[in-house]
Amino acid sequence: MTVLTKRQRRLKRQRRVRARVKGTSERPRLSVYRSNKGVFAQLIDDTKGHTVAAVNWIEPDLRKLTASEQAKKAGELLAERAKSAGVETCVFDRGGYQYHGRVKALAEGAREGGLAF
């Protein structure tokens, strides 16, 4: 029996979800990556392999905020950028992370910004 590390278990969950969730040009995939320092999110059109909109915790508007505030503001920024790119709905891909904390805050911020999923 092999023992999986925490990272390996997350990647296994991520692959399982990714097998079912696909982004299209009408409804791209909102992909979330959570690091120890911040959160990254992007809207991806999987049919073209193209990133429609992205947000990064390093941006000046987000850098000085606390972790959950940063994630919520990142979701709002991503929704704003998605609207300017002509996207109103998406598919949420939590990246193998549990839906709580920063991942949940990002999703709620995107919903409040006007992005539907």
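**Contacts along the chain.** I looked up how far apart in sequence the contacting residues are. Taking contacts between residues at least 6 apart, I found that 57% join residues at least 24 apart. I note that this is a predicted model.

**Elements.** I listed the secondary structure next. The chain has four helices and four strands. Reading along the sequence, I wrote down the pattern α-β-β-β-α-α-β-α.

**Size.** I checked the radius of gyration. The chain has 14 Å, and a compact globule of 117 residues would have a value near 13 Å, so the two agree. Along the principal axes, the C-alpha atoms fill a box of roughly 50 × 35 × 20 Å.

**Surface and charge.** I looked up the accessible surface, which comes to about 7,100 Å². Carbon and sulfur atoms account for 49% of that surface. Of the 117 residues, 38% are buried. I also looked at the charges: there are 26 positive and 12 negative ones, and their mean positions lie 12 Å apart.

**The hairpin.** I followed strand E2 (residues 39-45) into strand E3 (residues 50-56). The two run antiparallel and are joined by six bridges. Which residue of E3 stands opposite glutamine 42? I found alanine 54 there. Four residues lie between the strands of this hairpin, and glycine 49 takes a positive phi near 70°.

**Leucine 30.** I then picked one residue of strand E1 (residues 29-34), leucine 30. Is leucine 30 buried or exposed? Its relative accessible area is 0%, so I entered leucine 30 as buried. I looked up what leucine 30 touches beyond its neighbours within four places in sequence. The contacts include Ala41, Gln42 and Leu43, and also Cys90, Val91, Phe92 and Asp93. Leu106 and Ala110 are among the contacts of leucine 30 too, as are Leu115 and Phe117. As a separate check, I took the C-alpha distance from leucine 30 to lysine 73. The two are 15 Å apart in space and 43 residues apart in sequence.

**Helix H4.** Two of those contacts led me to helix H4 (residues 102-112), where Leu106 and Ala110 are buried. I noted the other buried residues of H4 as Arg102, Val103, Ala105, Ala107 and Gly109. What covers the buried residues of H4? The cover includes strands E1 and E2, helix H3 (67-84) and strand E4 (91-93). Last, I looked just after H4, where glycine 114 takes a positive phi of about 110°.

Methods:
Residues are numbered from 1 along each chain as its sequence is written. This is a predicted model: local features need pLDDT of at least 70, side-chain atom pairs count only at pLDDT 80 or more; totals for chains, interfaces and linings use all residues. Side-chain values use heavy atoms; hydrogens and water are left out. The radius of gyration is taken over C-alpha atoms; the globule rule is 2.2 Å times the number of residues to the power 0.38. Buried means under 20% relative accessible area, exposed over 50%, partly exposed in between (1.4 Å probe, protein chains only). Contact means heavy atoms within 4.5 Å. Accessible areas come from the Shrake-Rupley method with a 1.4 Å probe; for residues, only the protein chains shown count as cover. Lys and Arg count as positive and Asp and Glu as negative; His and the chain ends are not counted. The place of a charge is taken as NZ of Lys, CZ of Arg, CG of Asp or CD of Glu. Two strands pair if DSSP finds at least two bridges between them.
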